[in-house]
Every structure is written in structure tokens, then in C-alpha cells.
Amino acid sequence: MLFGKTILITGVASGIGARTAELAGQFGADVIGVDVREPAAPAGSFVKADISSKAGVDDLIASLPQRIDALCNVAGLSGNTGAVSTLAVNFYGLRALSEALAPRLREGGAIVNVASIAGYGWRANLNRAASMVGIEGFPDVAKVVADHQVKNEEGYPVSKELLLLWTFRAAHQELFKNRGIRVNAVSPGPVETPILKQFRNVLGDARVDSDIARVGRAGTSGDIAPVVLFLCSDGARWVNGANVPVDGGLEASINAEVLGF
Ligand SMILES: NC(=O)c1ccc[n+]([C@@H]2O[C@H](COP(=O)([O-])OP(=O)(O)OC[C@H]3O[C@@H](n4cnc5c(N)ncnc54)[C@H](O)[C@@H]3O)[C@@H](O)[C@H]2O)c1
């Protein structure tokens, strides 16, 4: 279902992005990988780019081909560098790249955003999330963080709340909808990649270990990549504006606790 498609994947130097790029190549896609760091073994072609600023996104767009079938937004920061850098990469940079790339995505193409179980609070924090998503373009992220009183330790969950809310909205946004571009999200639970160690520092071992204990094991990049690629494929042609938890049942378990069923 991916044979001959050109798929742009961010975050390919490590973890979930690296595995997604490798698997997409095995499925017959032409992969263009993007990362701020050089991958040890690139799958397909590679463009070094930093999506944390408008200039970085503009440079990246300028170096890309005119026709792309799907965009996988995988690159992300853990929050250990503070709320400003985390929101710049995980949300505002990701969104700027997606919007700038939309005219080059073929009709019927796809965008897949790697969000997180950490974005679970988007409903509870809807007003703040809606206000931050409502700021268009690539804003002065430090000002947005100050105006919305986002603490450094909240940077990661807030970035994923915004990403989920924007995914639901973008699926109906003319820029994407008019050309049949589907926009979906995948929300992993804890996955054994280098970022997990940073989550342990930010969230504490107890929180990460209790999430893992609920579902028996941590995920692997290989658990997440096939779902991301399915959403890129024509097999997912009627899936739009969805958030797919890929977490061994963690979100269902939290729902049961929170909603009391
Ligand atoms: N591993 C987990 O437990 C977990 C859980 C839920 C969600 N996620 C999400 O999955 C995605 C991938 O994470 P991972 O686990 O593979 O982590 P990772 O740290 O292994 O990979 C992240 C990649 O993003 C790249 N990146 C960071 N900043 C960038 C920038 N400014 N421009 C371009 N590339 C940049 C990094 O260089 C790195 O290669 C992230 O969005 C993360 O939030 C991970």
C-alpha cells in the first residue's frame, strides 16, 4: 500500500522515526528523512533540518521535491529543555511544516502526527489549548508560553494537547480538506527509545514505571511504526481526524479509572 509513494518523515535519526523510515523503505516507499542530527544509517535520502524555527522550516521546504504523498511528523523533544523549545518543535514547528507542505501533498495524501498519551489532558485543559492552537503562523513561542503561563514541566504534555486538538481541527481545515488530505494522530504510551530516559528525569521513575506496569511492558519503535504507516496508506482512506492510541491498552485503562467504569 506504500509502494512508489514518497513519504517525508521527521525525527529519523533515532527511535520511532528511524524505525518508521526503515519500515517504509521495506514497504517500497521512497523515504525522505529529516532530522536535526545525522542518522547513523539513513533509510532513503536525508535532509538535515531544524524545525524549531520558521527559518529552519523555510529552509527545509526549499530543499524538498514538489510532490510528496505523506508526511509523518515524528520529531519531538521530551520537555527537558524547557517549555519554549519543546512547544517550538513539538507543535509550532510541526504545524508550520505541515501547512507549508500542504500544497505539495498529492490529492488524497496524508499527514500523521505522533502525539502521546501525555496529551490525554486536552479536554480538561481545552480553553488554554484552543487559545494556543488559535495563534496562527509561527509565533514568538517565548511570548506564547509567558502569556499562557505554561510552566517548564508542563511543556511536553501541553505540546501534545495542542497537537491533538490541531489534528482534529486540521482534518476539517480547508487547506487540507479541499484536497482530500487526511490528518490523523498516533498516541504512543511509554516506548523504549532514548527519549524515555529523559521522560524519567522529567516525570520521575514512579510515573513511568506505573504506566508500564499497567500494560505489562514498554512499547518498542517497532510497535508504533506500522500504525503510523497504515495511516499514510490508502487502506486508511476513510480515517480522518482520528487519534489512535498505540499503548498496549494504557489509555483504555486510564479512561476506566477516570470515568469509573
Ligand atoms: N518514546 C516514548 O516513550 C514516546 C511516547 C509518546 C510519544 N513519543 C513521541 O514520539 C516521537 C518520537 O520520539 P522517540 O521516542 O523516537 O524519541 P527520540 O529522542 O529517539 O527521537 C526524536 C528525534 O527527533 C529529532 N529532533 C528533535 N528536535 C528536532 C528538531 N528541532 N528538528 C528536527 N528533528 C528534531 C531528534 O534529533 C531525534 O532524532 C516524539 O514526538 C515523542 O514525543 C515518544
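How far from an oxygen atom of the ligand does a polar side-chain atom of Arg37 lie? In this predicted model, the separation comes out at 3.1 Å. Arg37 has company in its polar contacts. The side chain of Ser14 places an N or O atom 2.5 Å from a ligand oxygen, while Ile16 takes part through its backbone, with an N or O atom 2.8 Å from an oxygen atom of the ligand. As for how well the ligand is covered, the molecule taken alone exposes 830 Å², and the protein buries 95% of that.

Stepping back to the whole shell, 31 residues surround the ligand. Ser14 and Ile16 turn up again here, since the nearest ones are Ser14, Ile16, Asp35, Tyr156 and Thr193. By residue class, the shell splits into 19 nonpolar, 8 polar and 4 charged residues.

And where does the ligand sit? The space it takes up is the largest pocket. Three elements each give two or more residues to the shell around the ligand, namely α1 (15–26), α6 (155–170) and α8 (194–203). Of these, α8 is the top contributor to the shell, with 4 residues.

The largest pocket itself holds about 1100 Å³ of space. Its lining runs to 50 residues, and those nearest the centre are Gly76, Leu77, Ser78, Ile195 and Phe199. The elements that put two or more residues into this lining are α1, β2 (30–35), α3 (83–101), α6, α8 and α9 (205–215). Once again α8 leads, this time with 7 residues, the largest share of the lining of the largest pocket. Sorted by class, the lining of the largest pocket has 27 nonpolar, 15 polar and 8 charged residues.

What about the next pocket down? The second largest pocket has a volume of about 160 Å³. It is lined by 14 residues, with Arg217, Ala218, Gly219, Asp247 and Gly248 lying nearest its centre. Here α9 and α10 (221–232) each supply at least two residues of the lining, and α9 gives the most, with 3 residues. So far as residue class goes, the lining of the second largest pocket comprises 7 nonpolar, 3 polar and 4 charged residues. Helix α9 thus shows up in both places: among the elements giving two or more residues to the lining of the largest pocket, and as the top contributor to the lining of the second largest pocket.

Notes: Residues are numbered from 1 along each chain as its sequence is written. This is a predicted model: local features need pLDDT of at least 70, side-chain atom pairs count only at pLDDT 80 or more; totals for chains, interfaces and linings use all residues. Side-chain values use heavy atoms; hydrogens and water are left out. A residue is near a molecule or strand if one of its heavy atoms lies within 4 Å of it. A polar contact is a pair of N or O atoms within 3.5 Å; within protein, one must be able to donate a hydrogen and the other to accept it, and residues adjacent in sequence count only if both atoms are side-chain atoms. Accessible areas come from the Shrake-Rupley method with a 1.4 Å probe; for residues, only the protein chains shown count as cover. On a 1 Å grid over the protein atoms alone, a cavity is a set of points where a 1.4 Å probe fits but cannot get out, and a pocket is an open set with protein on both sides within 12 Å along at least five of seven lines; lining residues have an atom within 4 Å of a point. A molecule sits in a cavity or pocket if more than half of its atoms lie within 2 Å of its grid points. Ala, Val, Leu, Ile, Met, Phe, Trp, Tyr, Cys and Pro count as nonpolar, Asp, Glu, Lys and Arg as charged, and the others, Gly among them, as polar. Grid points are joined across faces, edges and corners, and a volume is the space filled by probe spheres set on the points.
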